Amino acid sequence: MAVLLEDIVKAVEAWLKILKEPEPYVDPNLDPVLLVPGIAGSILNAKDAETGKEERVWVRIWEADREFRAKLWCKFDPDSGKTVSLDPNISIVVPEERDGLYAIDCLDPDMVIGRDNVCYFHEMITEMTSWGYQEGKTLFGFGYDFRQTNRLKETMDRLAAKLEAIYTASGGKKITVITHSMGGLLVKCFMSLHSDVCEKYIKSWIAIAAPFQGAPGYVTSTLLNGMSFVDGWEAYFFVSKWSFHQLVIECPSIYELMACLDYEWEHAPLLQIWKEIQDTNGNSTAILESFTPIEAVSIFTQALSFNELSIGGIDIPLPFNKEILQWANKTREILSSTKLPPNVKFYNVYGTGRDTPQSVCYGSVDSPISDLQELPLCSATYVNVEGDGTVPLESAKADGLDAEARVGIPGEHRGILCDKHLFRIVKHWLRADHDPFYNPVNDYVILPTLFEVERHHDNGKGIDVISLKEEWELVSKDDQEENKNDIQPMIGSISASCEGDEARATLIVHPQSNGKQHIELNAMSVTAGGA
């Protein structure tokens with residue numbers, strides 16, 4: 001019986017070994033990568049000074065709104081440039097588990113239903129792990145208190161220490177930093193203030209959906225009305241838009257996302273208001289007034305002049321904060337003067353194809369605004385431009401840096417982080433795909449199929465003749481429209497001559513079929529005076 005039982009145990013063990021997940025693929029040749037999220041993209045814990053206990057306040061579902069107000073509502077300190085929680089016993093910290101990746105992966109690990117709404121870098125972490133990256137050795141994360149200014153000394157010091165630690169852990173390999181959204185502004189500030197650290201530790205920087213010149217439409221409505229990160233029925237279990245509104249008025253990071261004042265916009269961002277005006281006879285009429293970003297400050301000031309919040313039985317005035325605005329203007333000066341450190345390569349990826357707020361309008365000809373203090377209670381309409389739904393294309397492209405490449409991907413601001421096209425581009429730039437023929441700008445692979453060169457010397461005529469024949473296959477995921485049989489090859493030719501020498505070439509581009517497009521090049525040169 002004992003022998004039979006032992007055989008059963010061995011059989012079960014063997015079965016479990018078969019079912020056991022295979023060891024993850026690890027590529028030891030990869031350089032380390034640091035992921036940096038954008039606004040609201042980090043888990044935040046509230047630490048009690050008396051007990052030392054930490055509790056997650058962003059993101060959470062249970063009692064989310066109450067804890068948000070109690071722990072994250074804050075006031076700006078103009079001396080330090082830091083915004084501090086209203087409760088003096090509370091400090092906000094970012095968890096460091098999984099070498100920083102825990103804080104930027106799924107922002108509410110306990111959430112099951114609606115989990116997609118709170119996942120940040122989750123898909124990218126999973127994808128990069130399949131490429132051979134390993135947490136803690138070649139893949140790291142950097143979360144931060146996104147309420148703060150993008151140039152807070154405390155954050156800058158943490159980032160410097162993080163880069164040094166990664167450099168040491170990887171055996172002296174330089175790092176590629178991948179940022180999303182406002183994380184791009186944070187890293188750009190860091191490059192301006194700590195160029196020497198970047199030169200020592202950073203190999204390249206890939207910015208995704210960065211609002212380099214601001215997100216004017218998004219921020220204007222946020223400052224006047226608040227923001228929502230979750231739509232639909234899930235919003236009833238999340239932080240209210242009003243609670244967010246009271247937070248952002250004291251957040252330097254939000255002010256730093258306002259439209260850059262010294263940038264020459266192709267489509268100038270405006271705040272527009274249909275105002276109710278009465279003539280001398282007491283008759284009302286509606287007129288549309290437009291305000292530039294500088295002029296809009298007076299509107300913010302009037303609209304929020306009596307804004308306040310109540311906490312612990314105390315009413316706290318919360319008007320538009322001009323001290324934060326002054327701080328943010330200085331931050332934008334730093335951003336606009338940033339140069340890439342020597343030997344650091346920069347790549348810019350941005351979202352396209354989405355209606356994106358650029359100008360914001362309140363009221364209408366039929367329902368004008370009679371009192372500016374009504375604005376926080378009004379719904380905005382937008383004048384849209386192309387972008388990713390949050391950051392205008394014009395802003396995202398205007399990085400002001402010497403980029404190796406700038407690539408647009410059709411997609412939404414947060415959704416772009418799950419885009420397979422983005423993964424393919426990033427994988428190529430990280431040199432994790434080992435594919436020298438992939439072109440990330442146009443998302444195709446150039447595959448050489450033929451290369452022939454013939455040289456001939458004609459002694460009688462005293463000329464050298466060189467003929468070249470080259471062919472390629474362009475492999476992409478997109479096919480052309482229907483009726484491909486009706487499409488004829490495109491043929492082009494060119495010739496040139498100079499002092500008896502002559503060259504001519506013919507290029508034939510065949511119609512695309514089954515994801516492939518065949519290209520032929522035939523060229524010949526004739527050189528006089530050969531010996």
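Helix α7, residues 216-225, is mostly covered, with 9 of its 10 residues buried, and this description, like everything that follows, refers to a predicted model. The buried positions of α7 are Pro216, Gly217, Val219, Thr220, Ser221, Thr222, Leu223, Leu224 and Asn225. They pack against several elements, namely the helices α8, α9 and α10 (296-303) together with the strands β10 (271-278), β15 (354-362) and β16 (380-387). Just after α7 comes Gly226, which takes a positive phi of about 90°.

Two of the helices that α7 packs against, α8 and α9, also appear around an enclosed space. A search of the whole structure finds 3 cavities of 30 Å³ or more, and the second largest of them has a volume of about 60 Å³. Its lining consists of 12 residues, with Ile39, Phe146, Met227, Leu247 and Val248 lying nearest the centre. Both α8 (241-248) and α9 (252-255) supply at least two residues of this lining, and the largest share, 3 residues, comes from α8. Sorted by class, the lining of the second largest cavity has 10 nonpolar residues, 1 polar residue and 1 charged residue.

A second helix to follow is α3, which spans residues 122-130 and whose buried residues are Met124, Ile125 and Met128. These three cover an arc of only 100° around the axis, which puts them on the same side of α3. The spacing fits a general rule: an α-helix has 3.6 residues a turn, so residues three or four places apart point the same way. The cover over the buried residues of α3 includes the strands β1 (33-36), β7 (139-141), β8 (175-180) and β9 (202-208), as well as helix α13 (420-429). Just after α3, Gly132 takes a positive phi of about 115°.

Helix α13 is itself mostly covered, since 7 of its 10 residues are buried; these are His421, Leu422, Phe423, Ile425, Val426, His428 and Trp429. Among the elements that cover them are α3, β8, β9, β14 (345-352), β17 (405-410) and β18 (438-439).

Met124 of α3 appears again in the largest nonpolar core, which has 125 residues and in which Leu35, Trp58, Met124, Leu163 and Leu430 have the most contacts. Helix α5, residues 183-193, gives the most to this core, with 6 residues. In the protein chain as a whole, which has 531 residues, 47% are buried, and the secondary structure comes to 13 helices and 23 strands. Of the contacts with a separation of 6 or more, 71% are between residues 24 or more positions apart.

Some backbone details remain, and they are best read against the general background that most residues other than glycine have a negative phi, and most peptide bonds are trans. The peptide bond from Trp58 to Val59 is cis, with omega near 0°, and Val59 has its place in the loop between β3 (54-58) and α2 (64-72). Asn343, which is not a glycine, has a positive phi near 70°; this residue lies in the loop between α11 (322-336) and β14, and at 67% relative accessibility Asn343 counts as exposed, because the cut-off for that class is over 50%. Arg431, also not a glycine, has a positive phi of about 60°. The place of Arg431 is in the loop between α13 and β18, where this residue is exposed, with a relative accessible area of 59%.

Methods:
Residues are numbered from 1 along each chain as its sequence is written. This is a predicted model: local features need pLDDT of at least 70, side-chain atom pairs count only at pLDDT 80 or more; totals for chains, interfaces and linings use all residues. Side-chain values use heavy atoms; hydrogens and water are left out. On a 1 Å grid over the protein atoms alone, a cavity is a set of points where a 1.4 Å probe fits but cannot get out, and a pocket is an open set with protein on both sides within 12 Å along at least five of seven lines; lining residues have an atom within 4 Å of a point. Grid points are joined across faces, edges and corners, and a volume is the space filled by probe spheres set on the points. Helices (H or I, at least four residues) and strands (E, at least two) are DSSP runs, numbered from the N terminus. Ala, Val, Leu, Ile, Met, Phe, Trp, Tyr, Cys and Pro count as nonpolar, Asp, Glu, Lys and Arg as charged, and the others, Gly among them, as polar. Buried means under 20% relative accessible area, exposed over 50%, partly exposed in between (1.4 Å probe, protein chains only). The arc is that of the directions from the helix axis to the C-beta atoms. Contact means heavy atoms within 4.5 Å. A nonpolar core is a set of buried Ala, Val, Leu, Ile, Met, Phe, Trp, Tyr and Cys residues joined through side-chain atoms within 4.5 Å.
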